[in-house]
Amino acid sequence: MTRAIYPGSFDPPTFGHLDVIERAARAFGEVLVAVVVNPQKRRPMFTLEERERMLAESTAQLSNVRVCHFRGLLADFVRAEKADVIVKGLRVVSDFESEMSTALMNRSLSDVDTFFLMSDQRYSFVSSSIVKEVFFLGGDVGALVPDPVLRMMSVKRSERSHRNGG
Ligand code: PNS
C-alpha cells in the first residue's frame with residue numbers, strides 16, 4: 001500500500017487543501033496529512049491543536065486519511081513514517097518555482113519523490129492567508145473553507161473582538 005504524506009501549515013485548511021487531500025486519497029492507499037508545528041513564514045493564527053482538529057473534522061469522511069504533525073525536517077518525518085511519496089498541491093504555475101527546489105531538496109535528503117496534484121481551478125486563487133485577511137475584515141469566505149474551519153474562524157474572531165473590548 002502506497003503511503004503518501006501531504007505536509008503544510010494549514011493555517012487554516014481551505015477547500016483547496018481539501019481538494020488535494022481528496023485527490024490524494026483516491027490515488028494512494030493511505031494519506032497522512034502532516035501539519036508542521038512551527039510554520040516558517042510567520043507565527044500561525046491557529047494553534048497546532050486547532051489546525052489538526054479542523055483537518056480531522058473536515059476529512060472525517062475519508063477513511064484512508066489520517067491527520068498528524070511533525071517538527072523539523074520533512075525529510076526526517078518521511079523516513080520515520082516510512083512514507084513512499086510526498087504530495088503537494090499546485091494552484092498556478094508560479095507555485096511550481098519554489099516547489100521544484102523543495103522537491104529536489106527533499107529527494108536528496110530522503111530519496112522520496114514529490115507528486116504534484118493540480119487543485120481544482122475553482123480554488124486557484126484561494127490561499128490560507130487571503131482567506132484570513134478577507135474573513136477578519138468582514139468578508140464572506142463560506143464558499144472557500146469547510147464548515148469546521150468557518151466555525152473555528154468565527155470563534156477566533158469573537159475571541160479577538162472580546163480582547164479588543166467588543
Ligand atoms: O503550507 P505551507 O506553509 O506551504 O507548507 C510548507 C511546508 C510545511 C510543507 C514546508 O515549510 C516544510 O516542509 N517545512 C518543514 C521544514 C523542512 O523540511 N524544510 C526544508 C524543505 S526544502
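Q: Which elements each supply at least two residues of the lining of the largest cavity?
A: In this predicted model, strand 4 and helix 4 do. Helix 4 gives the most, with 4 residues. The lining is made up of I86, K88, E99, T102, A103, N106 and T114.

Q: What makes this space a cavity, and how much space lies in it?
A: The word is used where a 1.4 Å probe fits but cannot get out. About 30 Å³ lies in the largest cavity, and the structure holds 1 cavity of 30 Å³ or more.

Q: How do the residues lining the largest cavity divide by class?
A: There are 2 nonpolar, 3 polar and 2 charged residues. Lys and Glu count as charged, and K88 and E99 are both in the lining.

Q: Why are P7 and K41 counted among the residues around the ligand?
A: A residue is counted as near a molecule if one of its heavy atoms lies within 4 Å of it, so P7 and K41 belong to the group around the ligand. The full group is P7, G8, S9, V36, K41, F70, G72, L73, L74, K88, T102 and M105. Strand 1 (3-8) and helix 4 (93-110) each supply at least two residues of this shell. By class, the shell has 6 nonpolar, 4 polar and 2 charged residues.

Q: What makes the approach of S9 to the ligand a polar contact?
A: The limit for a pair of N or O atoms is 3.5 Å. An N or O atom in the side chain of S9 is 2.5 Å from an oxygen atom of the ligand, so the pair qualifies.

Q: Why does L74 qualify for a polar contact too?
A: Here the backbone takes part: a polar backbone atom of L74 is 2.8 Å from an oxygen atom of the ligand. That distance is within 3.5 Å, so this pair also counts. As for cover, the ligand taken alone exposes 550 Å², and the protein buries 75% of that.

Q: Why is the ligand said to sit in the largest pocket?
A: The test is that more than half of a molecule's atoms lie within 2 Å of the pocket's grid points; the ligand sits in the largest pocket, so it passes this test. The pocket has a volume of about 1300 Å³. Among its 39 lining residues, P7, G8, S9, K41 and E99 are the closest to its centre.

Q: Which element gives the most to the lining of the largest pocket?
A: Helix 4 does, with 8 residues. At least two residues each come from strand 1, helix 1 (15-27), strand 4 (85-90), helix 4 and helix 5 (128-136). The lining divides into 13 nonpolar, 17 polar and 9 charged residues.

Q: What makes the peptide bond from D11 to P12 cis?
A: Its omega is near 0°. P12 is found in the loop between strand 1 and helix 1.

Q: What is notable about phi of F10, and where does F10 lie?
A: Phi of F10 is near 50°, a positive value in a residue other than glycine. F10 lies in the loop between strand 1 and helix 1.

Conventions: Residues numbered from 1 in each chain as written. Predicted model: local features only at pLDDT ≥ 70, side-chain atom pairs only at ≥ 80, totals over all residues. Heavy atoms only, no water. Polar contact = N/O pair within 3.5 Å; in protein donor to acceptor, adjacent residues only side chain to side chain. Areas by Shrake-Rupley, 256 points an atom, 1.4 Å probe, with all protein chains shown as cover. 1 Å grid on protein atoms, 1.4 Å probe; cavity = no way out; pocket = protein on both sides within 12 Å on 5 of 7 lines; lining within 4 Å. Points joined across faces, edges and corners; volume = space filled by probe spheres on them.
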